[in-house]
Each structure stands twice: as structure tokens, then as C-alpha cells.
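Colleague: Could you take one small part of this model and walk me through it slowly? I'm new to this, so plain words please.

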Amino acid sequence: MSEILQLTMNLKTILLLMVVIASPALGLSKCPQCGYTIGCDDVSCPKCLKMFKTDYYYEKSAKSTLTVRYGTDSFIRHPQADNRTYKADRNSGADKTGQIGVWGGPCNLRYLINFDIAAEMKRLGIDFMKFKPKRAFLYLSALKNKSNIDVPIVVFPLTRPFHGGLDFFRERTVSPDDCTWYLSCDGIPWDTEGGDFNKEVKCKGIIKNGVRNIIDITKIIDYFYQQSKINQNWSAPGIIIMSDPDSKLISGFVTVYSLEANDYTLRPELFIE
């Protein structure tokens, strides 16, 4: 009986070795954030969606995931959010960091960002008419602040394009082409001060200071997708992020990294699947 058992075990071992030899190496590892098992070719964790550091863009995966890391952005603020050191109502489109929150009035510090989704689709050979987004997440990295403030935010889809600009927050000079609280670009005012956006489509979240935040904006990307199908061409003017007016935040802000940040792992990212 023992000989039969031993023979059975030997056969199982041989079969296992044959499978290992015939199969390509998987290169499995663990996600540094949640510990989930991942493959060596994974761009993000399938469980917690953490994006892994990489010096290059991955080609389209079997899941048709889309990760956009470039575009244009700008921080705008109401003149009441200024102080004597930083006089002006211009934007700060070239800053590596900027503020989102309440300062001198509700929702006075806003962030506009437009990821170049169309260019990334073209680069990967994706036909957006056949690419139905199932979920979309925005990644924003925030600096640690002394007040330890976390800001509840709301995200809306813009209905008018904007010019990101090259201005800095602490400089008094202003470029005429840049968007501001009042202008989307040179000579073209917003219909509503502070940006034109669709109030009926919104996504909420919280930006915590000192960490990389994930905000679900699936509803907004689906809105852009439905509008683009009607026009037969991908069209997305961008998104606007501000403090949630329904929150109890009286004053305070978080400082987030922009697309101009030196460390690319801290820049905003858009993940669509």
C-alpha cells in the first residue's frame, strides 16, 4: 500500500514539474499597498488600483485599460482669496503645486485639469466608439500640511475649454492668454465666474493631506463618452475640482501636485477601464 502511495506522489511531482517547465515564468509579487498578489507586467494593483512606478508607458493591456498622465492644468482663485503678498486674480498654470479649498470665501480655490485622453487613445490604437468605460479614477497627490486638514471636494465636467497658461502664483506679472477666475482664455469670459461646468454631473470625494488620493469620477467620464458618441468625435474640455459647498469646512485648503511636478509619480493621473 505504501509503495502505491509513494508512486502516486512521484507521478504528481512529475506532472507538476512538466507544467512548470511548459509554462512561462509569471514573476509574481505583492502590491506594496494592500499585499495583493500581482504579476510582473501589471501596471496597477487589481484590488486597490495603486499605480506602480514606471519610467515608460505600457502598451494597451488585454483589459483595454487607459492611463493618462499628461494634459493641461491650472489653479484659479477668487480675488478675495488673495492677500497683500500675492495680489492679482490671475491663475497659476505653471506651478508645480496649488491649492484646493476655502480661503476668503466658499470654493474660492479651484483646480482645472484636462487630460489628453484623445491623444492617448490614438497612441494605443483605441477606437473610442468601441471602448465603453466601465470605471474611471482620478489620482491626486497632496502635500502634508501643518494644519492636518482634509478637504471634502466635488468634481464637475467643464463645458468650456480653458487655456492652462504659464503664470506663477507668487509673481505679479500676468500672461494675457491664461485663464483666470473670470476668463477661460484671452478675451473669452466664463459664462459663470469661476468656470463653466455641468452642475448635474458631479462626483464627490475627500483629498487627504500627505497621501495619494483616489477619486471615483466614473460618472463624469461616462458623461464625456456619451457626448462624444453624439458628436462622433472624442470631446472632453476637462474637469474642475473645488471644495464641496455642502461640507462643513469653514476655512482651509490642501496643496496638491500638478502636471508640472518634478516627480512624475506625484503628478495627477487618470485611470480608465
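Modeller: Here is a close look at one strand and the aromatic pairs. Keep in mind that this is a predicted model.

Let's start with serine 74, which sits in strand S4, covering residues 71–77. Is serine 74 buried or exposed? Its relative accessibility is 0%, and buried means under 20%, so serine 74 counts as buried. Its side chain still has a polar partner: one of its polar atoms is 3.5 Å from the backbone oxygen of glycine 164.

Now on to the rings. Searching the whole structure turns up 4 aromatic pairs. One of them joins phenylalanine 75 and tyrosine 111, and this pair is stacked. The ring centres are 4.2 Å apart, with 10° between the planes. Planes under 30 degrees apart count as stacked, which is why this pair gets that label.

Where do these two rings come from in the chain? Phenylalanine 75 belongs to strand S4, while tyrosine 111 belongs to strand S6, residues 109–115. They are 36 residues apart, so the pair links distant parts of the chain. Both partners fall under that same 20% cut-off for buried: phenylalanine 75 has 4% relative accessibility, and tyrosine 111 has a relative accessible area of 0%.

Another aromatic pair is made by tyrosine 223 and phenylalanine 224. This one is tilted, with 5.7 Å from centre to centre and 50° between the planes. Phenylalanine 224 has a relative accessible area of 3%, so it is buried.

Technical notes:
Residues are numbered from 1 along each chain as its sequence is written. This is a predicted model: local features need pLDDT of at least 70, side-chain atom pairs count only at pLDDT 80 or more; totals for chains, interfaces and linings use all residues. Side-chain values use heavy atoms; hydrogens and water are left out. Helices (H or I, at least four residues) and strands (E, at least two) are DSSP runs, numbered from the N terminus. Buried means under 20% relative accessible area, exposed over 50%, partly exposed in between (1.4 Å probe, protein chains only). A polar contact is a pair of N or O atoms within 3.5 Å; within protein, one must be able to donate a hydrogen and the other to accept it, and residues adjacent in sequence count only if both atoms are side-chain atoms. Rings of Phe, Tyr and Trp (its six-membered ring) pair if their centres lie within 6.5 Å; planes under 30 degrees apart count as stacked, over 60 as edge-to-face and the rest as tilted.
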